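Here are some notes to read alongside the model, for anyone coming to it fresh. They go point by point, so dip in wherever you like.

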Amino acid sequence: AEYMGKSQGRYPMESTTFALPSTPKQIAYARSLALRNQTLLPWEVQQDRRTLSAWIEAQANLKPVSELDCLPSSKQVAFAERLARIKRRAVPDECFRDKGLMSKW
């Protein structure tokens with residue numbers, strides 16, 4: 001009979017029946033992402049390191065939900081005000097509340 005060395009991988013990692021618990025750092029980061037994205041962090045996800053890691057990756061790739069994201073940047077406002085002075089008109093108030101409107105103006 002041929003000898004099968006340990007390099008053959010008789011016990012692949014996928015066949016392990018137990019899951020490693022999540023680390024405190026993972027849970028802390030996941031909670032901060034949940035707050036940022038205004039979503040819930042499911043209890044089941046927090047129990048397993050791999051599951052939590054996948055959840056974190058998915059949440060980290062999302063853009064944060066923030067009212068500030070809708071507002072025009074300071075550069076946009078400065079440029080619009082400079083144009084308004086040249087054209088001798090005022091920038092409409094609603095443009096200061098919406099980045100898209102400011103861009104179109």
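1. Let's start with how far along the chain the contacts reach. This is a predicted model, and among its contacts between residues at least 6 apart in sequence, 52% join residues at least 24 apart. Of the 105 residues in the chain, 21% count as buried.

2. Now the layout. The chain has five helices and zero strands, so reading from the N terminus, the order is simply α-α-α-α-α, each helix being numbered from that end.

3. How much should you trust what you see? The average pLDDT over the chain is 76, and 76% of the residues reach at least 70. Confidence peaks in α3, at a mean of 90, and is lowest in helix α5 (residues 99-104), at 72. Please go easy on residues 5-9: pLDDT stays under 50 there, and the model gives this stretch zero contacts beyond four places in sequence.

4. Next, the interior. Which residues make up the largest nonpolar core? There are nine of them: I27, A30, L33, A34, L41, V45, L52, W55 and I56. Helices α1 (24-36) and α3 each supply at least two of these residues, and α1 gives the most, with four. As background, nonpolar side chains in soluble globular proteins tend to be buried together.

5. L41 is a good core residue to click on. Setting aside neighbours within four places in sequence, L41 is in contact with I27, A30, R31, A34, Q46, L52 and W55. Elsewhere there is a second, separate core of five residues, among them V77, A80, A84 and V91.

6. I27, another member of the largest core, sits in helix α1. Is I27 buried or exposed? Its relative accessible area is 17%, and because the cut-off for buried is under 20%, I27 counts as buried. Beyond four places in sequence, I27 is in contact with S22, L41, Q46 and L52. Its C-alpha atom is 9.3 Å from that of I56, a residue 29 places away along the chain.

7. A60 belongs to helix α3. With 33% relative accessibility, A60 counts as partly exposed. Not counting residues up to four places away in sequence, A60 touches Y29, L33 and R36. The C-alpha atoms of A60 and A30 are separated by 9.0 Å, with their positions 30 residues apart along the chain.

8. D48 deserves a closer look. You'll find D48 in the loop between α2 (43-46) and α3 (49-60). What is the nearest side chain of opposite charge to this buried residue? It is R50, at 6.3 Å, and D48 has no salt bridge. A salt bridge would need the charged atoms within 4 Å, so R50 at 6.3 Å does not qualify. The backbone nitrogen of R50 is another matter: it lies 3.3 Å from a polar atom of the D48 side chain. Apart from neighbours within four places in sequence, D48 is in contact with A19, L20 and S22.

9. Two backbone angles are worth checking. In general, most residues other than glycine have a negative phi. Q38 is not a glycine, yet its phi is positive, about 50°. Q38 lies in the loop between α1 and α2, and at 61% relative accessibility Q38 counts as exposed. The other case is R88, also not a glycine, with a positive phi near 55°. R88 is in the loop between α4 (74-87) and α5, and R88 counts as exposed too, at 79% relative accessibility.

10. Last stop: K99, in helix α5. How exposed is K99? At 37% relative accessibility, K99 counts as partly exposed. The C-alpha atoms of K99 and S73 are 7.4 Å apart, although the two residues are 26 apart along the chain. Do keep in mind that helix α5 is where mean confidence is lowest, at 72.

Note on methods. Residues numbered from 1 in each chain as written. Predicted model: local features only at pLDDT ≥ 70, side-chain atom pairs only at ≥ 80, totals over all residues. Heavy atoms only, no water. Helix = DSSP H or I, 4+ residues; strand = E, 2+ residues; numbered from the N terminus. Buried < 20%, exposed > 50% of the residue type's maximum accessible area, 1.4 Å probe, protein only. Lys, Arg positive; Asp, Glu negative; His and termini not counted. Polar contact = N/O pair within 3.5 Å; in protein donor to acceptor, adjacent residues only side chain to side chain. Contact = heavy atoms within 4.5 Å. Core = buried A, V, L, I, M, F, W, Y, C linked by side-chain atoms within 4.5 Å. pLDDT = per-residue confidence, 0-100.
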